[in-house]
Every structure is written in structure tokens, then in C-alpha cells.
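Here are some short exercises to work through with the structure open beside you. Try each task before you read its solution.

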Amino acid sequence: MGRPYILNPIEKAPRKEIEELQLKRLKHTVRWAYERVPMYKRKLDEAGVSPDDIRSLDDVRKLPFTYKDDLRQTYPYGAFAVPLSEVVEIHASSGTTGKPTVVGYTKKDLDNWSELMARSFAAAGVTKEDIVYIALGYHWFTGGLGFHYGAQRLGALAVPAGTGFTKRHVQMIKDLGATVLGAVPNYALRLAEVALEMGVDPAKDTKVRTGVFGAEMWSEELRKRINELWDMDSYDIYGMSELYGPGTAMECHHHDGLHVWEDHYLIEVVDPKTGEPLEPEEEGVLVVTPLTHEAFPLLRYWTNDLTFIYDARSCDCGRTMRRIARIKGRADDMLIINGVNVFPSVVEEVLLSHPLVGNQYQIIVEKEGELDRMYVVVESKRRLTEQEKEALAKELEENLREALIIRPRVRVVDPGEIPRVEGGKAKRVIDKRPKT
Ligand code: DLL
């Protein structure tokens with residue numbers, strides 16, 4: 001078909017070439033951070049490491065981790081490595097607790113980010129012929145502008161749609177003939193739901209055939225549903241504000257893990273408890289050292305996202321950049337229910353694999369006396385009788401027990417009963433237990 005999946009030759013360069021480039025850039029980055037950001041000088045001095053100690057890629061392990069909390073302490077500009085006059089854009093990650101993290105970009109940073117997003121789109125088969133409808137926030141959040149820069153870099157038509165006004169989006173997606181949709185996965189569902197209510201079938205009445213989704217955990221089951229609703233092929237994209245935004249890692253058309261853009265990011269996966277490096281295929285916390293950040297360098301950033309690195313160093317798509325598994329969730333998403341670890345992603349897989357279950361659910365955790373109680377509220381796909389609801393709830397309780405070991409209580413509600421989020425990340429877990 002000759003579609004330009006691979007945008008930059010470095011994506012399929014021999015490993016040796018990629019690693020040499022990484023080492024050169026790592027040395028530069030460590031020195032850059034050490035000499036320009038007092039926090040890194042202090043942390044490295046305390047750890048007894050100097051930039052000269054970085055002689056191989058493995059030497060990255062000598063560096064101390066950087067945590068979100070380090071960045072809170074330097075709020076707002078204290079971790080910038082260039083004068084503000086060199087900074088041309090900022091974003092901020094909302095952060096559920098405490099102060100947000102402000103990240104900054106020089107012109108060169110924006111250039112890098114645009115290239116990485118363009119590469120990510122190309123991996124999804126997007127070309128300059130496409131009309132990319134960007135239903136992501138264009139504000140502090142990095143999603144909207146990140147997608148925008150990438151689509152424009154490719155020469156595609158970028159539609160800066162933003163979020164909210166869901167009905168209008170449906171109309172515009174149809175009228176403009178959008179071919180690619182960028183959104184958080186949950187909003188892709190919501191758009192389809194509203195479209196159907198309006199009498200627009202996203203599969204038949206729109207030209208959207210590619211989805212690029214990320215910013216929150218989404219299971220394979222959810223992907224299947226989105227693909228079916230839109231008759232599309234959807235791609236998982238990963239990133240975070242501290243790493244420019246979206247575009248750190250991206251699926252190719254094989255949909256088997258996400259290629260990390262390793263010329264710009266050095267990745268490790270470490271044990272969440274000890275911080276020790278793990279072997280490929282072993283799941284742990286993703287730690288990232290960006291290799292080209294000017295304004296906002298980071299050394300061994302503890303993302304708190306759980307994944308593993310693939311053992312294979314090549315892919316049938318021709319790329320040699322290593323892959324990570326789809327993000328299972330954040331380490332702090334894990335619920336501990338009476339001593340048992342429960343991942344919301346597992347709950348989602350179980351629920352959505354049932355054909356009678358709709359697309360919306362919530363997990364509610366409460367304290368009852370000394371015990372934790374987990375409730376799952378889930379919508380049915382179509383209206384059910386009380387009896388059918390009860391039978392479905394029982395069946396789901398059993399399926400969840402098999403997957404989780406514990407048995408949550410399930411309540412099935414009618415379609416439309418669970419509140420929708422009109423654009424941003426979904427809030428599916430409500431933990432009402434007192435904070436300890
Ligand atoms: O969510 C950047 C982004 C925008 C990525 C649009 C993809 C698409 P933050 O708001 O800083 O940045 O949130 C970052 O979101 O640490 C993960 O926990 C989660 N996340 C991002 N992408 C994925 C994904 C953006 N593909 C946090 N799968 C990260 C699962 C994701 N979780």
C-alpha cells in the first residue's frame with residue numbers, strides 16, 4: 001500500500017546506532033541538568049555521582065530517581081534549566097493532590113515534541129491527506145496542543161475541537177469529513193453514544209476510520225467496543241506532561257505493545273518497592289530519562305505507571321525501537337481491598353467482556369466497620385427487567401470473583417444512569433474510605 005508508516009529512518013536503525021545516540025544524549029542531559037538546575041546538583045552530590053560517571057547506558061542506574069514530589073517542591077519554575085526568556089510555552093499537570101507540576105518548552109522542545117507526535121501519527125497510518133479531529137483539552141493539559149502540533153507537522157489538517165459541546169462535535173466530525181479522531185478513549189465512547197442518540201451512526205455516517213487514544217488506562221475490551229462502534233482501527237498512545245505530553249510511546253499497526261521513541265527517551269522498568277531494575281517481560285514501574293529536553297530536563301523520572309519492556313528488540317513493522325506493554329494503570333490506582341490487590345483494569349476487562357454490559361461502570365469502595373466493601377455499579381447495554389438485572393449482577397459477581405479473588409457486590413443500572421464525562425479523563429473509582 002506504500003503508506004509511510006515510518007517517518008524517520010532512526011525508527012528502524014540498528015540497535016547499536018540507537019544506543020550510541022542514547023549514550024551521547026544521556027551524557028549531555030545529565031550534565032545539562034546538573035549544571036543548570038540546583039535540585040539535580042544537590043541530588044547528584046548527595047548520591048556521590050558526577051556527570052563524568054556516566055560512561056555507559058547502564059550507568060543511568062547510578063543516578064537518583066526524580067519523583068513528582070521533587071517537582072512540586074520546585075513549583076513553579078525551579079526545575080527549569082533555561083531562563084524564562086527562552087521558554088515559549090508551558091503546560092501543567094493537574095495533579096489530584098497538592099500543587100500542579102508546571103512544565104516548560106523551548107522552541108527546540110516544541111520542535112522535538114511535534115516531530116514525535118508526527119511520528120506517532122505516521123505509525124497509525126495518518127498522512128497529510130487526513131483530517132484529524134482533536135477532541136482533547138487545549139489548555140494546561142498537553143493532549144490538545146500535542147496532537148495539534150503533530151498533525152500539522154505531518155501536513156494533515158488539524159481541527160482544534162477541544163472537549164465539551166459533544167453534539168456539536170458529532171455534527172462537525174460528520175460535516176467536515178474527519179478521518180482521524182484524537183481523544184481520551186472514554187470520550188470516543190461518549191461521542192459515539194451521543195451520535196447514536198442523534199441518529200448518526202459513527203460507523204456508517206462518518207469517515208473516521210482511525211482513532212488515536214490515550215491519557216488514561218483502557219483495556220482491550222474497551223478498544224474492541226470503540227473499534228466496533230466507529231468501525232475504526234484505534235491506536236494506543238502514551239505520554240505525560242513531564243515528558244512533553246503525548247508521544248513518548250505509540251503502537252504501530254500490529255497493535256502489540258507501544259514503541260518507545262528511544263532516540264528521545266531512555267526507559268527502565270523497576271521494582272515498585274525496591275527501585276531495582278527488572279528483566280524484560282517483568283512488570284514494574286516505568287522510569288524515564290528524556291534525552292533531548294532543554295527547558296525541563298528530568299533524570300530517571302518515576303512515572304508511577306505500570307508496564308513491562310518487551311524482550312523482542314524488533315517488530316514486524318520494521319521498527320527497532322523497543323516496545324512497552326500497554327499501561328496497566330498507575331501504581332497508586334491499585335486498590336487494596338481487605339488486603340487483596342485489585343486493579344481497575346482487570347475489573348474493566350471482566351465487565352466489558354460480557355455482551356449484556358454497557359460501556360459505563362464505577363467502582364466504589366467504602367469502609368463498613370473494620371472491613372472494606374467494594375461495589376461495582378455497571379450499566380446494562382439495553383434496558384433489562386429487575387430479574388434480568390439481578391441475574392446479570394450475580395453472573396458478574398462470579399466472573400469478578402474468579403479474576404480478583406474477592407467478590408465485589410455488583411449493581412446493574414439502566415443505560416445512561418452513570419454520569420458522563422464530556423471530554424477529560426474518566427473518573428471510575430470512588431474510594432470513600434478515610435485516608436490513613
Ligand atoms: O495524559 C498526556 C497524553 C495526552 C497522553 C493524550 C496520551 C494522549 P498527563 O495528563 O500528565 O498527560 O497524564 C499522564 O496519564 O502517567 C498515565 O498514568 C496516564 N496515561 C497517559 N497515556 C496513557 C495510556 C497525558 N496510553 C498520565 N494508557 C500517565 C494508560 C495513560 N494510561
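**Exercise 1. Sort the residues of the shell around the ligand by class.**

Solution. The shell divides into 9 nonpolar, 5 polar and 5 charged residues. Here Ala, Val, Leu, Ile, Met, Phe, Trp, Tyr, Cys and Pro count as nonpolar, Asp, Glu, Lys and Arg as charged, and the others, Gly among them, as polar.

A word on the source: this is a predicted model, in which local features need pLDDT of at least 70 and side-chain atom pairs count only at pLDDT 80 or more, while totals for chains, interfaces and linings use all residues. Residues are numbered from 1 along each chain as its sequence is written, and side-chain values use heavy atoms, with hydrogens and water left out.

**Exercise 2. Find the residues that come nearest to the ligand, then look for polar partners.**

Solution. Step one: 19 residues surround the ligand (a residue is near if one of its heavy atoms lies within 4 Å), and D236, I237, S241, D305 and K425 come nearest.

Step two: look at pairs of N or O atoms within 3.5 Å, the cut-off for a polar contact between ligand and protein. The side chain of S241 has an N or O atom 2.5 Å from a ligand oxygen. For the side chain of D305, the distance from such an atom to an oxygen of the ligand is 2.6 Å. A ligand nitrogen lies 3.1 Å from a polar backbone atom of A215.

Step three: the ligand taken alone exposes 610 Å², and the protein buries 93% of that (accessible areas by the Shrake-Rupley method, 1.4 Å probe).

Step four: α5 (143-154) and β7 (233-240) are the elements that give two or more residues to the shell. The largest share, 5 residues, belongs to β7. Helices (H or I, at least four residues) and strands (E, at least two) are DSSP runs, numbered from the N terminus.

**Exercise 3. Describe how α4 and α5 pack.**

Solution. Begin with the geometry: helix α4 (residues 107-123) packs on α5 at an angle of about 75 degrees, with the axes 7 Å apart. The axes are lines fitted to C-alpha atoms over the stretch in contact, and angles run from 0 to 180 degrees between N-to-C directions. The two helices are therefore roughly perpendicular (65 to 115 degrees).

Next, list the partners (contact means heavy atoms within 4.5 Å). Among them are W113, M117 and F121 in α4, and F147, Y149 and L154 in α5. By class, this contact has 11 nonpolar, 3 polar and 3 charged residues.

Definitions and conventions. Polar contact = N/O pair within 3.5 Å; in protein donor to acceptor, adjacent residues only side chain to side chain. Parallel < 35°, antiparallel > 145°, perpendicular 65-115°, else oblique.
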